[in-house]
Amino acid sequence: MLILLVLSGLIAFIGCAALLRAGQESSRKYWQLRVPQRFHIGHVPRLGGAAMLLACIAGWFWMAISEPVFGITNSIPFKLEQALTWIVVAVIGVAAGIIEDMTHQLQARWRLVTTTLAGLLAVLVFDLSVPRLDLPYIDTYWQALPWLGMGLALLAVAGLPHSINIIDGYNGLAALLAIITCGAIGYVALRVGARDLAGIMVILAAATGGFLFWNFPRGLIFAGDGGAYLWGIVIAIATVQLVQRHPDVSPWFPVLLLIYPIWETIFSIWRKLTQGRSPGMADGLHFHHLVFRRVVRGFFHDDEKRRMLMRNNRTSPYLWAFTILSVTPAMLFYRSTPWLIGFILLFVVTYLWAYWSIIRFRMQRWVPRR
């Protein structure tokens with residue numbers, strides 16, 4: 001798997017470097033727009049997702065080669081048909097995000113349509129389904145109605161890309177979350193013998209690492225909607241397949257693993273509906289926005305652009321620590337549904353307490369002022 005790591009990371013690294021100049025024009029158009037979720041200054045291209053997609057395509061093709069290349073033999077069971085299927089599903093789901101990153105004119109409902117189409121295709125070609133919930137009595141009805149499992153799989157593949165897109169607001173935040181998540185899925189996949197899924201996670205993590213070099217801390221390029229959709233689609237398909245193939249893996253493992261973006265989405269929809277606004281309308285009241293505004297407050301430079309960049313970079317580690325609090329127990333208790341559900345509830349309570357504390361200016365007293 002080392003060759004997959006090097007190959008995918010290098011292609012993403014070179015691709016992002018090439019797109020730094022090519023994406024300047026589209027970034028100028030974006031800078032002219034007034035959007036509440038933007039917290040940076042300057043013309044920064046949002047085409048990191050295109051470079052990561054190219055790296056993943058190359059990695060999937062390499063993994064499908066059974067003959068030795070440069071004296072290296074691939075030992076991962078992965079066929080060319082599988083590689084082509086992954087590529088088609090990923091391109092369909094990511095294409096709309098890349099178009100939005102270049103034009104900034106594609107409405108959210110059309111992006112949701114494309115990810116839904118990608119989810120439908122994934123359910124059909126991969127035969128995706130969540131076969132059980134590991135809950136007494138409910139599983140009896142669940143297994144008697146197989147369309148419920150297929151519907152939940154579709155919801156995961158179509159919805160997770162948008163959940164990750166919601167939290168993708170600061171340099172390195174969503175990228176490192178994706179790397180951590182891929183590492184956790186790869187670890188569990190190797191434990192249960194799913195080497196192909198582990199290889200797919202290695203490819204995605206390496207591609208994200210090549211992008212992350214340019215994104216954090218300098219913020220020279222952003223993943224954009226395309227990058228968030230790539231992370232969401234690949235991770236969702238991999239986790240559903242992991243649960244579907246291996247009964248030892250609890251169906252609540254991916255829920256706890258990705259509880260931060262999932263709960264952020266659910267809470268944001270509820271918050272906007274209670275305020276009489278459309279859930280699809282962007283705003284600056286997500287958890288990471290509040291951390292940026294009210295927790296990360298120390299400045300070291302007088303220049304406005306440098307101040308915002310420093311504040312942007314210092315926001316992500318708070319959320320990384322928040323993510324690790326859910327990823328760690330997910331890896332430790334991936335077989336145990338009761339433990340996983342317990343930690344999910346604990347995360348929700350912790351999130352609500354932290355959100356309420358920041359809104360009420362109670363958490364800021366712990367952060368030293370400058």
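**Exercise 1. Place asparagine 165 in the fold, and decide whether it is buried or exposed.**

Start with the secondary structure: asparagine 165 sits in helix H7, which covers residues 146-167. Keep in mind as you work that this is a predicted model.

Next, look at accessibility. Buried means under 20% relative accessible area. Asparagine 165 has 19% relative accessibility, so it counts as buried.

Finally, list its partners. Not counting residues up to four places away in sequence, asparagine 165 touches Arg111, Gly224, Asp225, Ala228 and Tyr229.

**Exercise 2. Describe how H5 and H10 meet, using Arg111, Asp225 and Tyr229 as your way in.**

Step one is the geometry. The axes of H5 and H10 come within 12 Å and cross at roughly 25 degrees. Angles under 35 degrees count as roughly parallel, so H5 is roughly parallel to H10. The crossing of these two helices is right-handed.

Step two is the contact itself. H5 contributes Arg111, Thr115, Ala118 and Ala122, while H10 contributes Asp225, Tyr229, Ile233 and Ile237.

Step three is the chemistry: the residues of this contact divide into 5 nonpolar, 1 polar and 2 charged.

Now link back to the previous exercise. Arg111, Asp225 and Tyr229 belong to the contact of H5 with H10, and asparagine 165 touches these three residues as well.

**Exercise 3. Find the residues with the most contacts inside the largest nonpolar core, then explore the surroundings of one of them.**

Begin with the core as a whole. The largest nonpolar core has 102 residues, and those with the most contacts inside it are Trp60, Trp231 and Leu242. Helix H10, residues 224-245, supplies the largest share of this core, with 13 residues.

Then zoom in on tryptophan 231. Leaving out residues up to four places away in sequence, tryptophan 231 touches Met52, Ile164, Asp168, Ala174, Ala175, Ala178, Leu204, Thr208, Phe211 and Ala223.

**Exercise 4. Work out the relative direction of H8 and H9, and name the residues that join them.**

First, the axes: helix H8 (residues 173-192) and helix H9 (residues 195-215) come within 8 Å and cross at roughly 160 degrees. An angle over 145 degrees counts as roughly antiparallel, so H8 is roughly antiparallel to H9. H8 passes H9 in a left-handed crossing.

Second, the residues. On the H8 side you will find Ala175, Leu176, Ala178, Ile179, Cys182, Ile185, Gly186, Ala189 and Leu190; on the H9 side, Arg195, Leu197, Ala198, Met201, Leu204, Ala205, Thr208, Gly209, Phe211 and Leu212. By class, the contact has 15 nonpolar, 3 polar and 1 charged.

Third, compare with your list for tryptophan 231, which includes Ala175, Ala178, Leu204, Thr208 and Phe211. These residues also take part in the contact of H8 with H9.

**Exercise 5. Three residues to examine in the loop between H5 and H6 are arginine 132, aspartate 127 and tyrosine 137. Which are buried, and which are exposed?**

Take arginine 132 first. It lies in the loop between helix H5 (108-125) and helix H6 (138-144). At 11% relative accessibility, arginine 132 counts as buried. Its contacts, apart from neighbours within four places in sequence, are Asp139, Trp142, Gln143, Val243, His246, Pro247, Val249, Ser250 and Pro251. One of these partners, valine 243, is 111 residues away along the chain, yet the two C-alpha atoms are separated by 8.9 Å.

Turn to aspartate 127. This loop residue has 54% relative accessibility and counts as exposed. Its phi is near 55 degrees, a positive value in a residue other than glycine.

Finish with tyrosine 137, also in the loop between H5 and H6. With 70% relative accessibility, tyrosine 137 counts as exposed. Tyrosine 137 is not a glycine either, and has a positive phi of about 70 degrees.

**Exercise 6. Analyse the crossing of H12 and H15.**

The axes of H12 (residues 259-274) and H15 (residues 337-359) come within 11 Å and cross at roughly 55 degrees, which makes H12 oblique to H15. The crossing is right-handed.

From H12, Ile259, Tyr260, Trp263, Glu264, Phe267 and Arg271 meet Ile344, Phe347, Val348, Tyr351, Leu352 and Tyr355 of H15. Sorting them by class gives 10 nonpolar, no polar and 2 charged residues.

Methods
Residues are numbered from 1 along each chain as its sequence is written. This is a predicted model: local features need pLDDT of at least 70, side-chain atom pairs count only at pLDDT 80 or more; totals for chains, interfaces and linings use all residues. Side-chain values use heavy atoms; hydrogens and water are left out. Axes are lines fitted to C-alpha atoms, for helices over the stretch in contact, and angles run from 0 to 180 degrees between N-to-C directions. Helices (H or I, at least four residues) and strands (E, at least two) are DSSP runs, numbered from the N terminus. Angles under 35 degrees count as roughly parallel, over 145 as roughly antiparallel, 65 to 115 as roughly perpendicular and the rest as oblique. A crossing is left-handed if the near helix is turned anticlockwise from the far one by less than a right angle, and right-handed if clockwise. Contact means heavy atoms within 4.5 Å. Ala, Val, Leu, Ile, Met, Phe, Trp, Tyr, Cys and Pro count as nonpolar, Asp, Glu, Lys and Arg as charged, and the others, Gly among them, as polar. A nonpolar core is a set of buried Ala, Val, Leu, Ile, Met, Phe, Trp, Tyr and Cys residues joined through side-chain atoms within 4.5 Å. Buried means under 20% relative accessible area, exposed over 50%, partly exposed in between (1.4 Å probe, protein chains only).
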